[in-house]
Amino acid sequence: MSYETIQIDRRDKGVAWIIIDNPPANAISEKLMTDLEQAADELGADPSVRVIVITSAHEKTFVAGADLKAMIQSGSQYAGNEAGIVQQSVRMQQCFNRFATLPKPVIAAINGHALGGGCELALACDFRIMSKGKIGLTEVSLGLIPGAGGTQRMTRLLGRAKATELIFTSKRLEPEEALQIGLVNKVTTPEKLVEETTAFAEQLAEGAVKAMGLAKRSIHAAEGPVEDGFIIEAHSFAQTFKTGEPAVGLAAFFQKKKPQFLRSL
Ligand code: COA
């Protein structure tokens with residue numbers, strides 16, 4: 001597969017990295033969305049890829065959000081084209097949903113500013129590990145609102161009060177502040193980001209990743225009515241028995257050994 005705005009790096013032990021490289025600021029262009037979707041398809045379908053990491057090729061910025069230059073250039077078209085803009089928002093939501101719904105763990109290794117759509121992409125991942133830059137939903141400061149899932153995902157993650165505060169003020173949070181409120185899972189130094197993300201990704205990749213994929217679907221269902229969530233949980237639970245993983249996990253438990261999910265599947 002060929003990509004223009006990302007690189008794919010398949011590393012050892014079932015971990016693949018998507019490295020976003022769309023200079024100068026990794027703004028979310030149509031081509032970047034197409035490339036991300038193609039990567040989700042490619043890595044999602046590859047059984048040797050067990051965990052995906054998304055990061056940036058750039059020194060300062062993870063992803064700077066929607067392409068503001070394109071937006072200002074076509075400003076007058078935007079004003080009279082409500083249906084077109086709705087479509088554009090849905091387009092970004094659907095692109096990021098590909099990672100939220102991928103039945104494999106996805107980690108955002110945030111190595112620079114993750115603003116607007118950059119924060120929304122990170123929110124669509126299962127884990128966020130951050131080393132530097134600022135993170136936040138900055139759209140209101142531009143007279144816009146988040147349109148790539150941010151109002152929904154940040155509210156579900158942090159609760160209504162905190163999400164409203166952050167969205168209304170467009171606050172750009174330091175990594176430590178983001179850690180304190182639970183917006184990111186872990187903070188590390190720029191020097192250690194790759195090493196620590198790799199260690200965590202490899203630890204996940206050694207585990208029962210098919211069960212994680214099914215658990216992910218069920219966890220996301222907790223965002224809807226609880227009755228629906230219980231049904232999805234029951235069906236996801238049932239599907240674990242088709243993956244081959246319970247045979248490995250249960251046998252290892254009774255043999256008092258570490259389960260070898262990676263080797264035996
Ligand atoms: N869309 C398009 N271009 C963008 C962009 C965006 N979202 N964000 C930055 N750029 C461009 C800048 O215009 C600049 O282009 P130029 O070199 O042609 O002048 C280049 O990327 C570098 O940006 P600059 O601001 O000079 O770099 P910086 O390192 O000082 O700051 C950011 C980086 C990301 C903190 C800053 O650019 C920023 O705040 N961007 C907007 C983020 C935002 O609010 N996004 C929400 C979009 S809805």
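The following exchange examines how several labels are justified in this predicted model.

Me: Why is the pair formed by Phe-127 and Phe-200 called edge-to-face?

Reply: The ring centres of Phe-127 and Phe-200 are 4.9 Å apart and their planes stand at 90°. Centres within 6.5 Å count as a pair, and planes over 60 degrees apart count as edge-to-face, so the label applies to these two rings.

Me: What makes this pair a link between distant parts of the chain?

Reply: Phe-127 belongs to strand 7 (residues 127-130) and Phe-200 to helix 9 (residues 193-206), and 73 residues separate them.

Me: Why is Phe-127 called partly exposed?

Reply: The relative accessibility of Phe-127 is 23%. Buried requires a value under 20% and exposed a value over 50%, so Phe-127 falls in between. Phe-200 is likewise assigned to the partly exposed class, with 23%.

Me: Which label, buried or exposed, fits Phe-237 and Phe-241, and why?

Reply: Phe-237 has a relative accessible area of 54%, and Phe-241 has 55%. The cut-off for exposed is over 50%, therefore both residues are exposed.

Me: How do you know that Phe-237 and Phe-241 form an aromatic pair, and of what kind?

Reply: Their centres lie 5.6 Å apart, with 80° between the planes. Set against the limits of 6.5 Å for pairing and 60 degrees for edge-to-face, these values give an edge-to-face pair. The total by this rule is 3 aromatic pairs.

Me: What makes Arg-11 a charge over the ring of Trp-17?

Reply: Arg-11 lies over the face of Trp-17, 4.2 Å from the ring centre. The distance limit is 6 Å, and the charge must also be within 35 degrees of the ring normal.

Me: Why is strand 5 described as largely enclosed?

Reply: In strand 5 (residues 106-110), 5 of the 5 residues are buried, so the rest of the structure largely encloses this strand. Val-106, Ala-108 and Ile-110 point one way, while Ile-107 and Ala-109 point the other way. In general, side chains of a regular strand alternate between the two faces of the sheet.

Me: How do you know that strand 5 pairs with strand 3 and with strand 7?

Reply: Pairing requires at least two bridges. Strand 3 (residues 51-56) and strand 5 share 3 bridges in the parallel sense, including that between Ile-52 and Val-106. Strands 5 and 7 also run parallel, joined by 4 bridges; one of the partnerships is Ala-109 with Ile-129.

Technical notes: Residues numbered from 1 in each chain as written. Predicted model: local features only at pLDDT ≥ 70, side-chain atom pairs only at ≥ 80, totals over all residues. Heavy atoms only, no water. Phe/Tyr/Trp six-rings, centres within 6.5 Å; stacked < 30°, edge-to-face > 60°. Helix = DSSP H or I, 4+ residues; strand = E, 2+ residues; numbered from the N terminus. Buried < 20%, exposed > 50% of the residue type's maximum accessible area, 1.4 Å probe, protein only.
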